[in-house]
Amino acid sequence: MTPDIPDVTRARHGRPVHHWRRDVVELAALFTAVAVADAVANLIGHGPDGPALLMISAIVLAATAGFHVWWSRRHGHAPPVSDTGARTAAAARPAGPSEQPAADEVAGVLWRMRTTVKDEPGSLAALCTALAERRVDILSLQTHPLADGTVDEFLLRAPGTLVAAEITRAVAQAGGTATWIERADAHDLVDAPTRVLGLAARTALDTAELPLALRQLLGRCTIRTLPGAPAGGGRGPEPVPAGGVLEDTVMRLPAPEGGVLTVERPHLPFTPTEFARARALVELDTRLGPRIPRGHDVLTLPEGDHITVRRVDTGDLAAARAMHDRCSPHTLGLRYNGPVGDADRYLNHLLSPRFGRTLAAQTASGRIVGLGHLLWDGDETEVALLVEDAWQQRGVGGELLGRLVAMAAEAGCESVYAVTKASNTGMVAAMRGLGLPLDYQVEEGTLVITARLDPTPVATASGPQPPRLG
């Protein structure tokens with residue numbers, strides 16, 4: 001190992017440091033050489049062949065000097081930095097807090113990218129070469145053939161210093177068009193067949209999983225179900241063929257319960273492969289019919305009463321209507337924020353597992369005293385509570401709300417919102433009890449409270465995270 005050179009002998013600003021002792025030695029050597037050259041010249045110059053010998057000596061010395069200069073430049077005294085792994089003085093310094101490399105630069109960043117290439121030999125190879133030149137690793141690749149080209153979907157790991165615009169620019173230069181890119185996470189590392197099978201299994205267990213499965217399958221999209229016979233009356237949507245309809249960024253499929261299921265994804269057209277996968281999931285749900293996981297959780301309220309929390313569906317419609325009859329008009333008005341007489345007409349829709357999940361709190365005798373709904377509203381999620389008058393202010397609403405929000409977080413929802421009247425202090429207290437960031441919007445007496453979810457478990461009024469009820 002070469003010992004460290006003292007700082008006084010190191011180069012400063014790219015120039016070597018000179019010392020007077022070295023200069024004296026070089027001058028003495030120069031004078032000695034001149035004296036020897038003069039003596040040799042006098043000795044040889046007076047001979048018969050003196051001028052010729054001097055000319056030959058000059059040529060030999062010039063050639064030797066030139067060879068020495070060439071050899072010195074090609075074989076320096078120190079090996080190149082690229083060969084030794086040596087670093088400059090600035091690079092050798094320990095990095096300060098602001099100079100420490102980011103985690104993304106060390107581990108790389110995951111990206112999901114989709115681009116369209118010509119359906120001809122070499123087009124995909126050119127794309128892969130362009131990515132490799134920028135040190136982008138292709139973790140997975142799916143191809144979606146089209147009539148006039150091929151849509152290639154990549155999962156990439158790129159250096160942390162490489163921004164999305166540089167990746168898309170490289171793809172465009174390699175022949176890719178209509179390129180779309182977004183950040184990915186570790187869940188995207190699962191290969192497509194495994195992910196689709198997992199979504200099918202979840203859908204087979206629970207009807208309410210269908211919208212979530214479609215959203216995870218297709219990415220960010222808006223899913224709406226238009227029933228064949230609207231609850232408020234009127235004409236239903238135009239029916240679609242049994243095989244569904246694909247129109248660029250919109251697909252329409254026959255809804256399992258009747259009506260039309262619409263899936264829309266702005267700015268990113270669906271491919272025939274995605275359409276076939278979505279249609280298969282909807283057909284599976286239709287064949288299995290309405291179903292929910294059976295399970296319950298017995299809780300002890302602060303006052304000592306025992307209640308059971310379980311999933312309910314349209315099979316519990318009679319018990320839910322009976323609870324409606326026991327609720328006061330004021331309570332129903334706070335819940336539905338509209339004409340009380342219309343409440344019963346929407347119960348069948350609210351209890352259907354195809355539109356969301358419903359939890360019920362019931363007594364030991366089986367009487368329902370509280371209902372909590374988690375409703376898939378397009379790309380948003382709504383929560384709603386109704387607690388019988390005699391059971392209010394006893395923690396029932398907080399227990400139901402905590403479990404509904406935990407379900408929303410498990411389903412990957414970014415937020416949930418509740419719509420009620422500004423005078424509904426019970427709902428406001430229940431939302432505040434979640435311990436989540438809240439946004440409030442009030443307009444003409446209507447209050448909308450939005451809770452932003454995070455990956456941490458949501459606590460209920462009793463404290464610990466509840467077990468999953470489907």
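Reader: What makes β6 and strand β7 (residues 250-254) a pair of strands?

Author: The model is predicted, and the pairing is read from its atoms. Two strands pair if DSSP finds at least two bridges between them. β6 and β7 share three bridges, in the antiparallel sense. Three meets that cut-off, so they count as paired. Within β7, valine 250 is the bridge partner of glutamate 247.

Reader: Why are β5 and β6 called edge strands?

Author: Each of them pairs on one side only. The sheet is open, has four strands and runs in the order β5-β8-β7-β6, with antiparallel pairing. β5 covers 222-226 and β6 covers 245-247. From one strand to the next, the twist averages 15°.

Reader: Which helix lies across β6, β7 and β8?

Author: That is α10, which runs at about 25° to β7.

Reader: Why do aspartate 305 and arginine 394 count as a salt bridge?

Author: The cut-off is 4 Å between a side-chain nitrogen of Lys or Arg and a carboxyl oxygen of Asp or Glu. Here the N to O distance is 2.3 Å. That is within 4 Å, so the pair qualifies. The rule gives 18 salt bridges in total.

Reader: What does the pair of aspartate 305 and arginine 394 tie together?

Author: Aspartate 305 sits in the loop between β9 (296-300) and β10 (306-312). Arginine 394 sits in the loop between β13 (380-387) and α14 (396-410). The pair therefore ties together parts that are 89 residues apart in sequence.

Reader: Why is aspartate 305 called partly exposed?

Author: Its relative accessibility is 26%. Buried means under 20% and exposed means over 50%. Aspartate 305, at 26%, falls in between, so it counts as partly exposed.

Reader: Arginine 326 and glutamate 388 also meet in a salt bridge. Which of the two is buried, and which is partly exposed?

Author: Glutamate 388 has a relative accessible area of 6%. That is under 20%, so glutamate 388 is buried. Arginine 326 has 31%, between the two limits, so it is partly exposed. Their N to O distance is 3.0 Å, within the 4 Å limit. Arginine 326 belongs to helix α11 (residues 317-326), and glutamate 388 to the loop between β13 and α14. The pair therefore joins parts that are 62 residues apart in sequence.

Reader: How do you know that glutamate 399 and arginine 403 are separated by about one helical turn?

Author: They are four residues apart in helix α14. Their closest N and O atoms are 2.7 Å apart, and they form a salt bridge. Glutamate 399 has 3% relative accessibility. Arginine 403 has 5%. Both values are under 20%, so both residues are buried. Glutamate 399 and glycine 372 are 27 residues apart along the chain, yet their C-alpha atoms are separated by 9.5 Å.

Reader: What surrounds arginine 265, and why is it called buried?

Author: Its relative accessible area is 4%, under the 20% limit, so arginine 265 is buried. The residue is found in the loop between β8 (260-264) and α10 (272-288). Beyond four places in sequence, arginine 265 touches Arg114, Leu218, Arg220, Cys221, Thr249, Phe270 and Glu274. Its side chain reaches the backbone oxygen of leucine 218 at 2.7 Å. Arg265 is also in a salt-bridge network with Arg112, Arg114, Glu153, Glu182 and Glu274.

Reader: What makes a set of residues a nonpolar core here, and how many residues has the largest one?

Author: Members are buried nonpolar residues joined through side-chain atoms within 4.5 Å. The largest core has 37 residues. Ile307, Leu374, Val383, Val396, Leu401, Val416 and Met431 have the most contacts inside it. Among the elements that each supply at least two residues are β10, β13 and α15 (425-432). The largest share, seven residues, comes from α14. Apart from it lies another core of 18 residues, including Leu214 and Leu218.

Reader: Which residues does valine 416 touch?

Author: Beyond four places in sequence, they include Leu374, Val383, Val405 and Ile449.

Reader: Why is leucine 350 called buried?

Author: Its relative accessibility is 7%, under 20%, so leucine 350 counts as buried. The residue lies in helix α13 (residues 343-351). Beyond four places in sequence, leucine 350 is in contact with Arg335, Tyr336, Thr358, His373 and Leu375.

Technical notes:
Residues are numbered from 1 along each chain as its sequence is written. This is a predicted model: local features need pLDDT of at least 70, side-chain atom pairs count only at pLDDT 80 or more; totals for chains, interfaces and linings use all residues. Side-chain values use heavy atoms; hydrogens and water are left out. Buried means under 20% relative accessible area, exposed over 50%, partly exposed in between (1.4 Å probe, protein chains only). A polar contact is a pair of N or O atoms within 3.5 Å; within protein, one must be able to donate a hydrogen and the other to accept it, and residues adjacent in sequence count only if both atoms are side-chain atoms. Contact means heavy atoms within 4.5 Å. Axes are lines fitted to C-alpha atoms, for helices over the stretch in contact, and angles run from 0 to 180 degrees between N-to-C directions.
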